[in-house]
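Trainee: I am new to this structure and would rather look closely at one part than skim the whole. Could you take me through a single region with care, and then show me how the rest is arranged around it?

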Number of protein chains: 2
Amino acid sequence: MSTSFLEVVEVAPRDGLQSVSTLVPTQLKIDLIRNLHAAGLRRIEVTSFVSPAALPQLADAPEIVAAAKSLEGLDASVLVPTVRHAERALAAGADHLVFVLSVSEAHNRSNVKRSPADSAAEYARVVALLPAGAKLRLNIATAFDCPLTGRVSGAAVLALLADLVPIAPWAEVGLCDTTGRASPAQVASLFTAVGHRFPTVARWAFHGHDTYGLGIANVLAAWQAGVRIVDASCAGLGGCPFAPGATGNVATEDVVWTMHGMGIVTGVDLERLCAVAQQYAALPGAQTGGRVRQALASAARREGRI
Amino acid sequence: MSTSFLEVVEVAPRDGLQSVSTLVPTQLKIDLIRNLHAAGLRRIEVTSFVSPAALPQLADAPEIVAAAKSLEGLDASVLVPTVRHAERALAAGADHLVFVLSVSEAHNRSNVKRSPADSAAEYARVVALLPAGAKLRLNIATAFDCPLTGRVSGAAVLALLADLVPIAPWAEVGLCDTTGRASPAQVASLFTAVGHRFPTVARWAFHGHDTYGLGIANVLAAWQAGVRIVDASCAGLGGCPFAPGATGNVATEDVVWTMHGMGIVTGVDLERLCAVAQQYAALPGAQTGGRVRQALASAARREGRI
């Protein structure tokens with residue numbers, strides 16, 4: 001019998017740090033990525049190429065890419081919202097781009113000042129730029145719920161994907177629960193629907209948040225619907241510095257703990273991962289989440305190990 | 001079509017406060033119970049009759065029962081581990097007892113210095129004491145996993161229940177994930193098995209912890225297996241003062257938020273409940289959990305409501 005495997009995409013260096021308002025020194029970011037790699041993570045979203053004025057935290061993207069490329073066997077992806085930033089990322093040596101747009105018109109306009117249709121055209125231009133062998137993830141933000149307009153229908157996601165998928169049928173597609181308000185039933189139903197509608201897409205990914213405590217339940221729903229790639233953030237780092245208390249991404253260590261408990265392989269060393277999570281959690285201004293890090297630390301204290 | 005209803009049993013006044021090392025004044029406890037009642041909760045585990053020397057926090061159990069009985073329509077239950085404490089509870093006017101024992105022999109001996117078989121005999125004596133009309137919940141602790149000995153087999157739970165159920169076939173039975181290490185698959189499978197094996201038990205309940213982030217996923221698994229009674233603790237209050245970082249019960253507000261999102265009725269006013277959760281979370285020494293309380297407070301701040 002073949003072993004089940006979940007591909008965990010670590011997003012703390014990008015989605016997590018993006019939410020930390022205090023500037024983190026570049027060398028510390030690189031050390032954290034090295035530690036994540038040493039804990040067995042082989043896919044890391046290492047940074048984002050965006051306007052340094054808008055997100056000063058990620059202004060060191062080129063140095064981060066250079067450092068990440070030196071780590072053996074690491075598939076280091078970078079987020080890009082536009083052609084211009086995709087060009088910068090490729091010039092810096094990135095070979096795995098993550099293009100993001102929102103189903104929700106209001107959210108897309110708020111984020112990138114474009115309609116989803118204009119972002120779709122931008123996506124086509126990014127795909128045309130890619131050199132041979134480059135990898136691509138297409139991330140659909142607000143695929144379940146929008147912070148500005150509420151529930152997003154599955155039909156809207158299917159309609160947007162009908163325009164996007166033919167542009168690069170080989171791309172991995174991530175459906176993102178931006179608000180954390182997706183229900184497990186909705187997650188299962190949408191992944192089942194897109195799988196039937198777009199059989200040429202071989203790789204679907206789920207990107208979830210734990211804002212309302214449904215992070216792990218939604219990851220499990222995605223797994224049960226056949227999804228084998230999940231984004232997660234070490235220490236649950238994430239949230240938004242402008243929305244105190246809005247908590248962030250589902251914690252990588254919670255995902256790994258849950259999957260290992262089900263006999264599913266991730267390749268991650270949970271103990272080493274928890275040690276890195278403690279480092280992330282100690283960053284000034286970090287908004288953390290997840291339960292496993294504290295639960296295991298507490299168990300270790302009881303057993304006199306730390 | 002009939003509406004789906006989840007009966008939420010609020011356990012913060014007992015399971016939650018039990019973990020708070022600082023003594024909470026009796027009047028404050030009573031105020032909190034009143035506020036929970038005002039938020040729509042109609043089942044509350046209000047206290048426990050145990051040795052005041054072992055748990056000074058719950059030494060005021062008789063006053064708490066008297067106060068709870070004055071609240072209209074409130075089904076106030078109290079935890080009792082032995083006949084002696086059951087007698088005290090009944091003398092104080094309690095009319096709904098929760099008897100608890102562990103499947104795990106090591107855990108039961110550690111908690112009540114008895115084998116599970118001796119506790120089963122104690123259960124029979126408690127049942128014999130009950131006046132007509134009194135209600136009874138039988139709680140099976142470590143029904144999935146034991147902090148001392150690890151995984152508990154479903155067969156062990158079925159064997160113990162085979163002795164216990166005939167003593168009071170009309171009693172409600174709660175299966176408790178004491179460590180928070182149960183998986184959703186295990187929860188679904190055990191509730192399905194006991195439902196088939198003991199068809200005379202009309203009311204099954206799930207008591208879960210969120211120690212490893214699986215709290216809501218396990219509640220959903222129980223719901224899908226047909227369980228319509230769930231224990232939860234306001235603000236996720238719980239854990240153990242002797243095990244720092246060991247986090248507690250699944251948060252009532254997270255359960256209510258999730259269920260309401262699925263169109264399931266609980267009778268609870270979520271906004272009022274979150275206000276009470278803030279009060280519980282502010283208790284000195286409280287170990288809190290859950291995500292919805294903070295997420296909604298943050299949303300309210302963004303909208304300028306608070």
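**From the paired strands outward**

Mentor: Let us begin with two strands of chain A, namely strand 9, which covers residues 204-207, and strand 10, which pair in the parallel sense over 3 bridges. Please keep in mind that this is a predicted model. Within this pairing, Ala205(A) stands opposite Ile229(A) of strand 10. Strand 10 of chain A, residues 229-232, is also joined to strand 1 of chain A, again with the two running parallel, and here there are 4 bridges. In that second pairing, Val8(A) has Val230(A) of strand 10 as its bridge partner.

Val230(A) is worth remembering, since this residue returns when we turn to the nonpolar core. The largest such core has 191 residues, and the members that touch the most others are Val78(A), Val230(A), Val78(B) and Val230(B). To see what surrounds one of them, take Val78(A), whose contacts beyond its neighbours within four places in sequence include Val46(A), Phe49(A), Ala61(A), Val65(A), Leu97(A) and Val98(A). The list also holds Thr47(A) and Ser48(A), along with Ala89(A) and Ala94(A).

Strand 1 leads us on to helix 2 of chain A, since strand 1 (7-10) is among the elements that cover the buried residues of that helix. The same cover includes helix 1 (12-16), strand 2 (43-48), helix 3 (61-69) and helix 11 (270-281) of chain A. Helix 2 of chain A has 13 residues, 26-38, which at 1.5 Å a residue should span 18 Å, and the C-alpha atoms at its ends are indeed 18 Å apart, so expectation and model agree. Its buried residues are Lys29(A), Ile30(A), Leu32(A), Ile33(A) and Leu36(A). Around the helix axis these residues take up an arc of only 160°, and therefore they lie on the same side of helix 2 of chain A. The general background is that an α-helix has 3.6 residues a turn, so residues three or four places apart point the same way. On the face turned away from the buried side, helix 2 of chain A carries the exposed residues Gln27(A) and Leu28(A). Just after this helix, Gly40(A) takes a positive phi of about 105°.

Helix 3 of chain A, which we met as part of the cover, holds Ala67(A). Ala67(A) has 20 other C-beta atoms within 10 Å and is therefore buried. Setting aside residues up to four places away in sequence, Ala67(A) touches Ile30(A) and Ile33(A), and both of these are among the buried residues of helix 2 of chain A. Between Ala67(A) and Arg34(A) there are 8.9 Å from C-alpha to C-alpha, although they are 33 residues apart in sequence.

Two loop residues in the model deserve a pause, and a general remark prepares for them. Most residues other than glycine have a negative phi. Lys113(A), however, is not a glycine and has a positive phi, near 55°. This residue sits in the loop between helix 5 (105-112) and helix 6 (116-129) of chain A. With 11 other C-beta atoms within 10 Å, Lys113(A) is exposed. Ala235(B) is likewise not a glycine, and its phi is positive at about 65°. Its place is the loop between strand 10 (229-232) and helix 10 of chain B. Ala235(B), however, counts as buried, because 28 C-beta neighbours lie inside 10 Å.

Now that we have reached chain B, consider where it meets its partner. Here 31 residues of chain B are in contact with 31 residues of chain A. The elements of chain B that give two or more residues to the side touching chain A are helix 8 (184-197), helix 9 (215-224), helix 10 (252-261) and helix 12 (292-302). Helix 12 of chain B gives the most, with 7 residues. By kind, the residues on this side of chain B comprise 16 nonpolar, 10 polar and 5 charged.

Helix 8 of chain B also holds Val187(B), which is buried, with 27 other C-beta atoms within 10 Å. Beyond its neighbours within four places in sequence, Val187(B) is in contact with residues including Phe206(B), Asn218(B), Ala221(B) and Ala222(B).

Technical notes:
Residues numbered from 1 in each chain as written. Chains lettered and ligands numbered in written order. Predicted model: local features only at pLDDT ≥ 70, side-chain atom pairs only at ≥ 80, totals over all residues. Contact = placed C-beta atoms within 7 Å. Nonpolar A, V, L, I, M, F, W, Y, C, P; charged D, E, K, R; others polar. Core = buried A, V, L, I, M, F, W, Y, C linked by C-beta atoms within 7 Å. Buried ≥ 20, exposed ≤ 12 C-beta atoms within 10 Å, placed from the backbone. Expected span 1.5 Å × (residues − 1). Arc of directions from axis to C-beta. Pairing = 2+ DSSP bridges.
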